[in-house]
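Open the model in your viewer and keep the selection panel at hand. This tour tells you what to pick next and what you will find there.

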There are 2 protein chains.
Amino acid sequence: MNLFHFIIISNTIAVSVLFLGLAEGDRLLDIPCKVCGDRSSGKHYGIYSCDGCSGFFKRSIHRSRVYTCKAAGDLKGRCPIDKTHRNQCRACRLKKCFEAAMNKDGK
Amino acid sequence: MNLFHFIIISNTIAVSVLFLGLAEGDRLLDIPCKVCGDRSSGKHYGIYSCDGCSGFFKRSIHRSRVYTCKAAGDLKGRCPIDKTHRNQCRACRLKKCFEAAMNKDGK
DNA sequence: TGCAGTCCAACGTACAAAAAG
DNA sequence: TCTTTTTGTACGTTGGACTGC
Ligand SMILES: [Zn+2]
Ligand SMILES: [Zn+2]
Ligand SMILES: [Zn+2]
Ligand SMILES: [Zn+2]
């Protein structure tokens with residue numbers, strides 16, 4: 001949180017103004033998961049993400065998973081990842097996790 | 001944390017600005033944590049220790065924790081305690097805290 | 001001032017439920 | 001059907017930020 005404190009004094013008047021700025025770490029509710037759009041419960045592995053994507057990324061990393069997208073042709077690697085489809089293709093889900101800048105060390 | 005306080009005074013106006021900045025050399029002492037070798041932020045419970053070991057010791061003492069090392073045979077009670085392994089065995093971490101002379105009363 | 005206590009976001013482990021095979 | 005794997009929630013732990021003495 002940023003904190004600035006200004007005191008301005010003229011002849012007979014003193015004004016003290018305290019600014020508290022909302023910064024990155026402050027609690028902001030209802031920010032959706034950057035991977036699937038579901039409701040996030042805060043930051044996980046560097047980005048706002050839901051418990052599902054957070055757990056999926058954690059398991060994939062800890063076990064060094066390599067997934068393959070089973071779609072064919074132009075559809076390959078382009079599976080939709082939202083709350084209802086996120087479990088249909090692990091390859092595309094993990095890809096989207098990385099694209100959303102998820103990382104092991106929480107940035 | 002470094003703290004700079006500037007006061008600028010002209011004829012009829014004084015401006016006081018308080019900057020709170022995070023500075024590099026501040027809490028980063030050259031003396032490492034005697035338990036895990038991570039950088040310490042000063043003395044905690046009697047010895048130079050990092051925030052992690054300090055918090056771990058505090059929680060263990062306040063809640064009278066008793067941990068058991070899960071290693072077998074000759075390895076029992078000899079788990080390596082450094083920055084990357086300190087969370088893998090609470091028993092050995094706490095043991096090392098005591099061996100480094102950590103104590104409740106900070107002396 | 002430095003350090004102990006408090007707070008809490010983010011983490012890891014465990015597990016019931018669901019899905020896969 | 002049965003067995004194995006995966007999912008996502010629950011819950012305890014970690015450690016950095018903050019408060020107070
Ligand atoms: Zn998600
Ligand atoms: Zn796919
Ligand atoms: Zn330490
Ligand atoms: Zn051990």
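The stops below go from the metal sites to the DNA strands.

**Before you start**

This is a predicted model, in which local features need pLDDT of at least 70 and side-chain atom pairs count only at pLDDT 80 or more, while totals for chains, interfaces and linings use all residues. Residues are numbered from 1 along each chain as its sequence is written, chains are lettered from A and ligands numbered from 1 in the order in which they are written, and side-chain values use heavy atoms, with hydrogens and water left out.

**Stop 1: zinc ion, ligand 2**

Select the zinc ion (ligand 2). Its donors are A:Cys69 (SG), A:Cys79 (SG), A:Cys89 (SG) and A:Cys92 (SG), at 2.2 to 2.4 Å. Donors here are N, O and S atoms within 2.8 Å of the metal (3.2 Å for Na, K and Ca); water is not among the atoms, so sites may look incomplete.

Why does the arrangement around the zinc ion (ligand 2) count as tetrahedral? The four donor atoms subtend angles of 104 to 114°. For four donors, tetrahedral requires all angles to lie between 85 and 135 degrees; square planar (four donors) and octahedral (six) require opposite donors over 155 degrees apart and all others between 65 and 115, and anything else is irregular.

Now follow the chain. The donors of the zinc ion (ligand 2) have the spacing C-x9-C-x9-C-x2-C. A:Cys79 and A:Cys89 both lie in the loop between helix H1 (51-62) and helix H2 (90-99) of chain A, so the pair ties together parts that are ten residues apart in sequence. Helices (H or I, at least four residues) and strands (E, at least two) are DSSP runs, numbered from the N terminus.

Color these cysteines by accessibility. A:Cys79 is partly exposed, at 24% relative accessibility. A:Cys89 is buried, at 8%, and A:Cys69 is buried, at 9%. Buried means under 20% relative accessible area, exposed over 50%, and partly exposed in between (1.4 Å probe, protein chains only).

**Stop 2: zinc ion, ligand 4**

Move to chain B. The zinc ion (ligand 4) is held by B:Cys69 (SG), B:Cys79 (SG), B:Cys89 (SG) and B:Cys92 (SG), at 2.3 to 2.4 Å. The angles of 104 to 114° make this arrangement tetrahedral. Along the chain, the spacing of the donors is C-x9-C-x9-C-x2-C. B:Cys79 is partly exposed, at 23%, and B:Cys89 is buried, at 7%.

**Stop 3: zinc ion, ligand 3**

Stay on chain B and select the zinc ion (ligand 3). Which cysteines are its protein donors? They are B:Cys33 (SG), B:Cys36 (SG), B:Cys50 (SG) and B:Cys53 (SG), lying 2.3 to 2.4 Å from the ion. Angles of 103 to 114° make the arrangement tetrahedral. The spacing is C-x2-C-x13-C-x2-C.

B:Cys33 lies in the loop between strand S2 (14-21) and strand S3 (43-44), and B:Cys50 in the loop between strand S4 (47-48) and H1, so the pair ties together parts of chain B that are 17 residues apart in sequence. B:Cys33 is buried, at 4% relative accessible area. B:Cys50 is buried too, at 2%.

Do not look for disulfides: the structure holds zero over all chains. A disulfide is a pair of cysteine sulfur atoms within 2.5 Å.

**Stop 4: DNA strand D**

Select DNA strand D. How many residues surround it? There are 20, and the closest are A:Arg59, A:Arg65, A:Arg86, B:Arg59 and B:Arg86. A residue is near a strand if one of its heavy atoms lies within 4 Å of it. Sugar and phosphate make up 78% of the strand D atoms that come within 4 Å of the protein.

Zoom in on the polar contacts (pairs of N or O atoms within 3.5 Å; within protein, one must be able to donate a hydrogen and the other to accept it, and residues adjacent in sequence count only if both atoms are side-chain atoms). An N or O atom in the side chain of A:Arg86 is 2.9 Å from a phosphate oxygen of strand D. For the side chain of A:Arg93, the distance to a phosphate oxygen is 3.0 Å. For that of B:Asn87, it is 3.0 Å.

H1 and H2 of chain A and H1 and H2 of chain B each supply at least two residues of this surface.

**Stop 5: DNA strand C**

Finish on DNA strand C. Of the 15 residues around it, A:Lys43, A:Tyr45, A:Lys58, B:Tyr45 and B:Lys58 come nearest. Sugar and phosphate account for 76% of the strand C atoms within 4 Å of the protein.

Pick A:Lys43: a backbone N or O atom lies 2.9 Å from a phosphate oxygen of strand C. Then pick A:Lys58, where a side-chain N or O atom is 3.2 Å from a base oxygen of strand C.
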